[in-house]
Every structure is written in C-alpha cells, then in structure tokens.
Amino acid sequence: MTTVFGERAEMPAATGELDLEDRHALRRVAGLSTELTDITEVEYRALRLERVVLIGVWSDGTLTSAENSLRELSRLAETAGSVVLDGLIQRRGRVDPATYGELSPSQLRRLEGVVKVKVIDRTALILDIFAQHAKSREGKSQVELAQLQYMLPRLRGWGESLSRQAGGRVAGGGGIGTRGPGETKIETDRRRIRTRISKLRGEIAAMATGRQVQRGQRRRNAVPSVVIAGYTNAGKSSLLNALTGAGLLVEDALFATLDPAVRKAKTPSGRPFTLTDTVGFVRHLPHQLVDAFRSTLEEAAEADLILHVVDGSDADPQAQLAAVRGVLAEIGAQNVPELVVINKIDDADPVSFKALQLRERGSVLASAKTGEGLDELRAAIEAALPDRDAVRVTVPYSRGDLVARAHAAGEVTRTEHGPDGTLLEAKVPPELAAELQRCAVA
C-alpha cells in the first residue's frame with residue numbers, strides 16, 4: 001500500500017509569478033471552479049493546494065510495476081488537488097507492519113511523529129476524490145458511507161489532547177461514571193458514526209429498490225442490458241457517447257464520473273439494448289467503496305453483457321484488466337459474458353495494443369475519439385447478445401401489449417389482423433417468445 005505525505009501551502013499572491021498556461025492548467029484542478037476567464041490575484045490568495053511527497057514500497061513484482069503504481073498515485077494526488085513534489089520507492093524484502101498498510105491510528109501517529117506533517121494512505125486519498133466528484137444524492141450518500149466505514153476504526157481519542165485516565169474508583173472497578181473524558185468522547189463519536197452509517201444504509205437501500213424496479217421494467221420489455229465497466233479514465237463515458245450520442249461529461253481525470261448513466265442504443269440490425277456506464281475501477285479499490293457502491297455495481301452482475309474497456313495506451317493494460325476483473329468477481333459478475341474493448345488505439349503503440357489483442361481473444365480495437373472500430377464494436381455487441389427465438393403466433397387483441405413489446409425488443413417481419421387476433425411473425429428474446437406462445441390463440 002502506498003502512502004501520501006502532504007502539507008498545506010499558500011499559492012503565490014501575484015499573478016505575475018505564474019504564466020498564462022499555468023493559470024489555465026490550475027483551473028482544471030479538481031474541486032476548483034471560477035466563472036472568470038482568468039484567475040485573479042484575489043483567487044490566488046484564497047487558493048490553497050497541498051504539497052505532497054509520495055512514498056511507495058517495492059516488496060514483490062517488478063520495479064516497472066512499482067513505478068507504474070507510483071505514477072498512478074501521482075495522478076490520484078493531482079486529481080485530489082495536490083502538487084506532487086517528489087516520489088520515492090523503497091525496496092524491502094518484507095514490509096514493516098508498524099508503518100505500512102491501510103494505515104491504522106497507531107501507524108499514522110508513528111509516521112507523523114517522524115515526518116512532522118499530515119500522513120494519509122491510498123484509501124483515504126481515493127475516498128477524498130470520490131467525495132469531490134459525487135454529484136447525485138445517491139452518489140453522495142455512497143461516498144459518505146464509505147468514508148464513515150473507513151473512519152470508524154481509526155478514531156483517535158488516546159492522543160495528547162484527550163486522556164483515557166479515569167478518576168474515582170477505577171482501580172477498584174468503579175464501572176459506570178468512572179471513565180475519563182477521552183474515552184467518553186471517542187465512544188460518543190463512534191455511536192454517532194454508527195447511527196449515521198445505519199441511516200445511510202437505509203437511504204441507499206431505498207434508492208437501490210428504485211433501481212431494481214427500473215431493471216425489472218427493462219426485463220419485462222425483454223431489452224438486453226449491456227454494462228460498460230473498466231479502469232478509471234479508460235474512456236468509458238467517451239465510448240458511451242460515441243455509441244449513443246448521450247453527451248455525458250468527458251474529462252481527462254480519474255473518477256470524473258461516479259453516477260451510472262443508462263442510455264438506449266441499437267445494434268446494426270436495429271435490435272434495441274440499454275447501455276449503462278459504471279463507476280471506474282482502480283488498483284486496490286478500497287473495499288469500503290465496493291461495499292457502499294454495491295447497489296450501483298450490481299448493474300454489472302445482472303447484465304447480459306459487460307463491455308470491459310481498457311486503455312490501450314496505458315503502460316500496463318494487463319494490470320488494469322486484472323484489477324477490474326477482481327472487483328467484478330467480488331460483486332458476483334464474474335460469470336457475465338465479457339467483451340473486451342481496447343480503447344484509445346489512436347494514442348497507443350500499434351505493437352502494444354495488437355499484442356494485447358492477441359492475449360485477449362475476441363477483443364475489439366476501437367477509438368471513441370476518432371470513431372475507428374466502432375462499427376466492428378457494434379457488430380460484436382450484436383453477436384454477443386442473447387439469441388432470439390423465431391415465433392409465428394396469433395396474439396389475441398386483448399394482449400396488444402405483447403405485440404408492442406415484440407416491436408420494441410424484437411425484429412418483426414410480418415403482422416396481419418385476423419378475426420381472432422394479430423398474426424405475428426418475429427424474432428424475439430426467449431422470455432418474450434415463451435410468453436407469446438402461452439397467450440397465443442390456438
């Protein structure tokens with residue numbers, strides 16, 4: 001687990017100390033917004049960015065893999081609104097449990113006692129980014145739940161400012177009323193956090209019910225579901241826009257979008273399906289986030305097909321694939337059919353992405369930016385969707401809803417109105433075919 005060391009620092013007060021390009025780049029820092037065309041001197045004085053030093057431990061694997069992990073941590077820190085000063089990797093045969101891992105309060109105290117600045121771990125950093133980018137009510141609730149779950153076991157109450165020494169008859173087992181102020185305060189905080197966690201779980205469960213109702217309606221209409229999953233910044237939203245014209249936010253930043261988006265799309269033959277974007281994944285995605293976003297991620301577990309998008313220009317795309325598949329397995333989506341989409345081939349080394357395509361049999365090369373490979377991708381999606389059954393039935397006029405569903409979810413080749421109902425010839429999903437057969441006029 002990589003750690004982040006950081007301290008706060010004022011930005012220069014005078015705009016002349018930074019050139020125009022730097023000021024425009026500064027505006028793109030996550031969490032910074034302004035309605036002005038330029039950043040004023042007043043805004044420079046008001047802005048505070050954290051300066052951070054990144055620390056990593058290399059205990060197994062290759063040095064290249066460790067360096068790639070630290071580069072990713074640098075992007076995470078910059079996304080959170082930090083200025084990265086330096087990055088260091090330490091080679092160790094085994095890690096020191098006193099100062100390494102998803103940091104416990106005791107580890108934080110030991111490290112901060114040595115470096116004399118704030119210390120956070122990778123998990124806390126990712127949670128901070130999610131908190132900045134959450135926009136919807138559900139997203140904000142999920143992020144808050146993850147943060148509280150992370151915070152609960154890390155409450156500090158036995159430091160210099162709060163005492164755990166109790167008065168009265170402690171030595172003789174005084175019991176209630178004899179605990180010191182430090183322990184009383186931390187127990188109060190824990191109780192409040194547990195209460196808030198319980199409330200958030202109830203709210204998220206209620207919102208998940210609405211999501212399940214929507215999924216049920218799509219199922220009743222026999223519309224196949226395709227979910228886009230992949231590493232953060234792999235181009236999932238760009239791909240959804242290219243396939244559906246959805247117009248979602250596209251930003252060159254980690255975790256730019258957290259809220260799932262469902263859009264309608266059609267295969268080359270006109271078969272409709274839904275395309276759902278999901279939250280991006282990352283190596284060592286905090287388990288608190290997986291738990292909090294489980295209702296959202298379950299879209300993938302109940303899909304008919306997962307479009308697994310990987311950045312073909314990344315230095316280690318195979319690690320991206322492994323990280324995403326690990327999370328998909330955790331939420332029970334490992335058995336859903338998968339179609340790997342190697343995106344950003346316009347910006348990738350042809351030798352590298354073609355080698356990746358050889359390792360990932362059946363994968364599709366594409367560029368959401370230029371449109372290259374999108375026709376092949378649409379054809380691959382159509383081939384991977386569940387098969388449809390051919391039916392020739394007479395549907396009673398009282399079940400006109402079934403005829404409408406056949407038009408919406410299938411390929412209707414003939415309709416003819418007779419005395420007993422509507423003669424229907426079509427190719428429809430198996431579930432709808434069975435229902436049409438049950439309701440057919442003999």
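**Entry 1: the β11, β12, β13 sheet**

I started at Thr394, which stands opposite Leu423 in β13. The model I am reading is a predicted one.

I then looked up how β11 and β13 are joined. Strand β13 covers residues 422-428, and 7 bridges link β11 to β13, the two running antiparallel.

I followed the sheet outwards from that pair. It is an open sheet of 3 strands, in the order β11-β13-β12, with antiparallel pairing. β11 (389-395) and β12 (411-417) stand at the edges with a single partner strand each, so one side of each has no neighbour in the sheet. I also noted the turn between neighbouring strands, which is 10° on average when direction is ignored. As a reminder to myself, strands of a sheet pair through backbone hydrogen bonds, either parallel or antiparallel.

**Entry 2: helices on the sheet**

Next I checked what lies against these strands. Helix α15 (residues 430-439) lies across β11 and β13 and runs at about 30° to β11.

For helix α14 (residues 400-409) I listed the buried residues: Leu402, Val403, Arg405, Ala406 and Ala409. Seen down the axis of α14, these buried residues fall within an arc of 160°, so they line one face of the helix.

**Entry 3: Arg405**

I wanted to know where the arginine in that list sits. Arg405 lies in helix α14. Its relative accessible area is 15%, and Arg405 counts as buried because the cut-off is under 20%.

Which residue does the side chain of Arg405 contact? I found Glu435: a polar contact of 3.3 Å joins the two side chains. I put this beside my note on α15, which spans residues 430-439.

**Entry 4: the β6-β7 hairpin**

I moved to strand β6 (residues 261-266) and strand β7 (residues 272-277). They run antiparallel and are joined by 6 bridges. Within this pair, Lys266 stands opposite Pro272 in β7.

I then looked at the turn. The hairpin has 5 residues between the strands, and Gly270 takes a positive phi near 95° there.

**Entry 5: two residues with positive phi**

I looked for positive phi in residues other than glycine. Most residues other than glycine have a negative phi, so I wrote down the two cases below.

Asn233 has a phi near 70°, a positive value, and is not a glycine. Asn233 lies in the loop between β5 (225-230) and α8. Is this residue, Asn233, buried or exposed? At 17% relative accessibility, Asn233 counts as buried.

His284 has a positive phi of about 55° and is not a glycine either. I located His284 in the loop between β7 and α9 (287-292). With a relative accessible area of 55%, His284 is exposed.

**Entry 6: α8 against α13**

The loop holding Asn233 leads to α8, and I looked there last. How do the axes of helix α8 (residues 236-244) and helix α13 (residues 374-384) cross? They come within 11 Å of each other and cross at roughly 85°. That makes α8 roughly perpendicular to α13.

I noted the residues that make the contact. From α8 they are Leu239, Ala242 and Leu243, and from α13 they are Leu374, Leu377, Arg378 and Ile381.

Note on methods: Residues are numbered from 1 along each chain as its sequence is written. This is a predicted model: local features need pLDDT of at least 70, side-chain atom pairs count only at pLDDT 80 or more; totals for chains, interfaces and linings use all residues. Side-chain values use heavy atoms; hydrogens and water are left out. Buried means under 20% relative accessible area, exposed over 50%, partly exposed in between (1.4 Å probe, protein chains only). Helices (H or I, at least four residues) and strands (E, at least two) are DSSP runs, numbered from the N terminus. The arc is that of the directions from the helix axis to the C-beta atoms. Two strands pair if DSSP finds at least two bridges between them. Axes are lines fitted to C-alpha atoms, for helices over the stretch in contact, and angles run from 0 to 180 degrees between N-to-C directions. Contact means heavy atoms within 4.5 Å. A polar contact is a pair of N or O atoms within 3.5 Å; within protein, one must be able to donate a hydrogen and the other to accept it, and residues adjacent in sequence count only if both atoms are side-chain atoms. Angles under 35 degrees count as roughly parallel, over 145 as roughly antiparallel, 65 to 115 as roughly perpendicular and the rest as oblique.
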